[in-house]
Amino acid sequence: MGKLKTHGITQGTPKEILLGAGAYYKNLKYIESKGWEGVILGATQGGGKVSITPEYLTIEADGATVKVKGLEKKVGETANMEINLLEIKESHLVEVLHMEEDTTKKVPGYKVYKSKRDIGDDDYFENIAFVGTLTSGEQVIIIFENGIIEGALELEPKNKEISVFTATVECTASFEQDDLEHLPYYIYYPQTVDVTMYTQEQLESMTIEQIKTIATDRGYTITKTVKAEIITEFLEQQNINESEGNG
């Protein structure tokens, strides 16, 4: 009888640890020709906090005195970020307190803001995102769509101390969704790149669909329809990628 392991450490453990405080962006998006682009919110002190909390309902049935499989239903969820901002930018004050410019007050060298009467569409960001880095160097990205910054502005300025204020971001649903029963948050987790060098014999043992699937995952372009020609295309692009990687 083999013994059970006394720890959960594997060869992958050193590469799969989230390291550092990460960074927070607004309106982060992936553009195929450029990669990720967005506006960083600013420097932080004390990092932040990302919370995604499903809400469950336990259906109670006569005769059952414990939780029963299948009688636990998801009935809602919340998703928020708490960002401890070190920088106090003009945009932060406007976005946290939902203010608008007061053009009736004129003071040289200043722009004056006043409280808005209500929340409008322009108070919602396309998204707010957290970008963290694993010890492997790969990045984990968590995106909250329709993010709105809520909460009070609380500052406690003191001698020999830095003032930091916390912005709380809520993920919200929108009427553009098919339903209003889930929040539009997404987690992008890096995938291990397949570096297997396939030989012609290995590819010949596969189906056309299997070859095309591997090619798609690697970003290869397959234009041929005959298997022999598909294999040739695959091998040509594999060799190009290999030479570029070694170059």
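The radius of gyration of the protein chain is 26 Å, whereas a compact globule of 247 residues would have one near 18 Å. The model is predicted. Along its principal axes, the C-alpha trace spans about 75 × 65 × 45 Å. The protein chain exposes about 17700 Å², and carbon and sulfur atoms supply 51% of that area. Of the 247 residues in the protein chain, 26% are buried.

**Secondary structure and contacts**

The protein chain contains 10 strands and 4 helices. Their order along the sequence is β-β-β-β-α-β-β-β-β-β-β-α-α-α. Four strands are thus followed by a helix, then six strands, then three helices. Contacts between residues at least 6 apart in sequence can be sorted by their separation: 56% of them join residues at least 24 apart.

**Nonpolar cores**

The largest nonpolar core has 18 residues, and Met-81 and Ile-83 touch the most other members. Which elements give two or more residues to this core? They are β4 (72-85), β7 (125-134), β8 and β9. Leaving aside neighbours within four places in sequence, Ile-83 is in contact with residues that come before it in the numbering, namely Tyr-24, Leu-41, Thr-44, Gly-47 and Gly-48. On the other side of the numbering, the contacts of Ile-83 are Phe-165, Thr-166, Ala-167 and Val-169. A second core, separate from the largest one, has 11 residues, among them Tyr-198, Met-206, Ile-230 and Phe-234.

**A nonpolar patch on the surface**

Nonpolar side chains are also found at the surface. Ile-88, Leu-93, Leu-97, Leu-153 and Leu-155 make a nonpolar surface patch of about 340 Å². One of these residues, Leu-155, lies in the loop between β8 (139-150) and β9 (165-171). Is Leu-155 buried, partly exposed or exposed? Its relative accessibility is 37%, so Leu-155 counts as partly exposed. The class follows because partly exposed residues fall between the 20% limit for buried and the 50% limit for exposed.

**Salt bridges**

The structure holds 7 salt bridges. Three of them are listed here with the distance between nitrogen and oxygen.

| Salt bridge | N to O distance |
|---|---|
| Glu-72 and Lys-67 | 3.7 Å |
| Asp-122 and Lys-116 | 3.4 Å |
| Lys-116 and Asp-123 | 2.8 Å |

In the pair of Glu-72 and Lys-67, Glu-72 is partly exposed, with a relative accessible area of 32%. Lys-67 has 64% relative accessibility and therefore counts as exposed.

Lys-116 takes part in two of the listed bridges, one with Asp-122 and one with Asp-123. Salt bridges link Lys-116, Asp-122 and Asp-123 in a network. How do the members of this network differ in exposure? Asp-122 counts as exposed because its relative accessibility is 65%. Lys-116 is buried, since its relative accessible area is 18% and buried means under 20%. Asp-123 is buried, as Lys-116 is. The bridge between Lys-116 and Asp-123 therefore joins two buried residues, while the bridge between Lys-116 and Asp-122 joins a buried residue to an exposed one.

Note on methods
Residues numbered from 1 in each chain as written. Predicted model: local features only at pLDDT ≥ 70, side-chain atom pairs only at ≥ 80, totals over all residues. Heavy atoms only, no water. Patch = residues over 30% accessible without salt bridge, like charges linked within 9 Å, V, L, I, M, F, W, Y side chains within 5 Å. Areas by Shrake-Rupley, 256 points an atom, 1.4 Å probe, with all protein chains shown as cover. Salt bridge = Lys/Arg side-chain N within 4 Å of Asp/Glu carboxyl O. Buried < 20%, exposed > 50% of the residue type's maximum accessible area, 1.4 Å probe, protein only. Core = buried A, V, L, I, M, F, W, Y, C linked by side-chain atoms within 4.5 Å. Contact = heavy atoms within 4.5 Å. Rg over C-alpha atoms; globule rule 2.2 N^0.38 Å.
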